[in-house]
Each structure stands twice: as C-alpha cells, then as structure tokens.
Amino acid sequence: MNTIGERIVFLREECDMSQKELAYAIDIAPTSLSRYENNLYEPKAEILLRLASALNTTSDYLLGLTDTYKRVQPIGQKPQGITASEYHLLTSYRKLDRENQIRVSERIDTLLEMQAPKPQNAGSGK
C-alpha cells in the first residue's frame, strides 16, 4: 500500500464502513471520497485530519510517512464500538450551538418516552 487512496480503502474496510458511511461521517460527498480512494484527488489538510480521526489512525499513516497504522484513541472520544452513523450524529451535534444542542436532547428524551418498550424474554419465566 503506497498511495493515500489505498490506505483509506484499507482502513475503511478494517472499520467495516461503506464509502457512503465514511463520507457522511467526515461531512463530505461520497463522490469526493471515491475520488480520494481512486487517487484522482488528494484531500486537503482539514479533510485528511477528519479521515484520520474517523479511521482511528494518524495523518502520517495516510500520507505514507509511516507504515504503522497504529490506532490512536482521540482525547475525549472512544471511536471503537460506535457506528459511522453514530459518529456522524455526534460530530453534527457538536457543530450545533448550545441552544440547539438542548433542543436535540429534549427531542431525544421525548422520542424515548414515546418509544414502545421492548418485550421481556417470554421464556425467562419472570
């Protein structure tokens, strides 16, 4: 793997993400991601940093400065165990001002209250 595109594809597949999921997670169009993966364009620094964060690696690995794709834990985040959709929601939420974050929290609480409870295991005897 020598190109940035090959490295993006490798890590995206390691994370079990589709192109569309990764593109939405880093807030770019899927066609742009495809162009990066096919080495038609090189991502600008800001996109490169978002790719590294979403793929849980370093920009040095993506740029080919190292062959070690050591997974890093971003400060205050635990990307392991969250889906691309959850990551997209989190990054979008963080872009909102405080007032709109409160609205989102209130809406989630309302949806949880309205949601039908999941049935208990019928075979558990409880």
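**Exercise 1. Is Asp27 buried, exposed or partly exposed?**

Solution. Residues are numbered from 1 along each chain as its sequence is written. The model is predicted: local features need pLDDT of at least 70, side-chain atom pairs count only at pLDDT 80 or more, and totals for chains, interfaces and linings use all residues, while side-chain values use heavy atoms, with hydrogens and water left out.

Step 1. The classes are set by relative accessible area: buried is under 20%, exposed is over 50%, and partly exposed is in between (1.4 Å probe, protein chains only).

Step 2. Asp27 has a relative accessible area of 47% and is partly exposed.

Step 3. Asp27 belongs to the loop between helix H2 (19-25) and H3. Its phi is near 65 degrees, a positive value in a residue other than glycine.

**Exercise 2. Describe the secondary structure and the surface of the chain.**

Solution. Step 1. Helices (H or I, at least four residues) and strands (E, at least two) are DSSP runs, numbered from the N terminus.

Step 2. The chain has 7 helices and 0 strands, and along the sequence the pattern reads α-α-α-α-α-α-α.

Step 3. The chain has 126 residues, of which 25% count as buried. About 9000 Å² of the chain is exposed, and carbon and sulfur atoms supply 52% of this area; accessible areas come from the Shrake-Rupley method with a 1.4 Å probe, and for residues only the protein chains shown count as cover.

Step 4. A contact requires heavy atoms within 4.5 Å. Of the contacts in the chain between residues at least 6 apart in sequence, 48% join residues at least 24 apart.

**Exercise 3. Find the salt bridge partner of Arg7 and state where the two residues lie.**

Solution. Step 1. In a salt bridge, a side-chain nitrogen of Lys or Arg is within 4 Å of a carboxyl oxygen of Asp or Glu. The whole structure contains 5 salt bridges.

Step 2. The partner of Arg7 is Asp67, with the closest N and O atoms 2.7 Å apart. Arg7 is in helix H1 (residues 4-14) and Asp67 is in the loop between helix H5 (59-63) and helix H6 (84-95), so the pair ties together parts that are 60 residues apart in sequence.

Step 3. Arg7 is buried at a relative accessible area of 3%, whereas Asp67 is exposed at 63% relative accessibility.

Step 4. Arg7 also lies over the face of Tyr61, at 4.5 Å from the ring centre. The criterion is that NZ of Lys or CZ of Arg is within 6 Å of the ring centre and within 35 degrees of the ring normal.

**Exercise 4. How many residues apart in helix H4 are Arg50 and Glu46?**

Solution. Step 1. A salt bridge joins the side chains of Arg50 and Glu46 (2.5 Å, N to O).

Step 2. The two residues are 4 apart in helix H4 (residues 45-54), so about one helical turn separates Arg50 and Glu46.

Step 3. Arg50 is partly exposed, at a relative accessible area of 23%, and Glu46 is exposed, at 55%.

Step 4. In helix H7 (residues 98-114), Arg103 and Glu99 are also 4 residues apart, separated by about one helical turn. Their salt bridge has its closest N and O atoms 2.7 Å apart, and Arg103 is partly exposed at 47% relative accessibility.

**Exercise 5. Describe the surroundings of Glu37.**

Solution. Step 1. Glu37 lies in helix H3 (residues 30-37) and is buried, with a relative accessible area of 7%.

Step 2. Neighbours within four places in sequence are left aside; the residues in contact with Glu37 are then Gly5, Glu6, Ile8, Val9, Arg12 and Gln19.

Step 3. With the side chain of Arg12, the side chain of Glu37 makes a polar contact at 2.6 Å. A polar contact is a pair of N or O atoms within 3.5 Å; within protein, one must be able to donate a hydrogen and the other to accept it, and residues adjacent in sequence count only if both atoms are side-chain atoms.

**Exercise 6. Which residues are in contact with Ile47, leaving aside its neighbours within four places in sequence?**

Solution. Step 1. Ile47 is placed in helix H4 and is buried, with a relative accessible area of 11%.

Step 2. With those neighbours left aside, Ile47 is in contact with Ile26, Ile28 and Tyr36.

Step 3. Between Ile47 and Asp27 the C-alpha to C-alpha distance is 8.9 Å, and the two are 20 residues apart in sequence.
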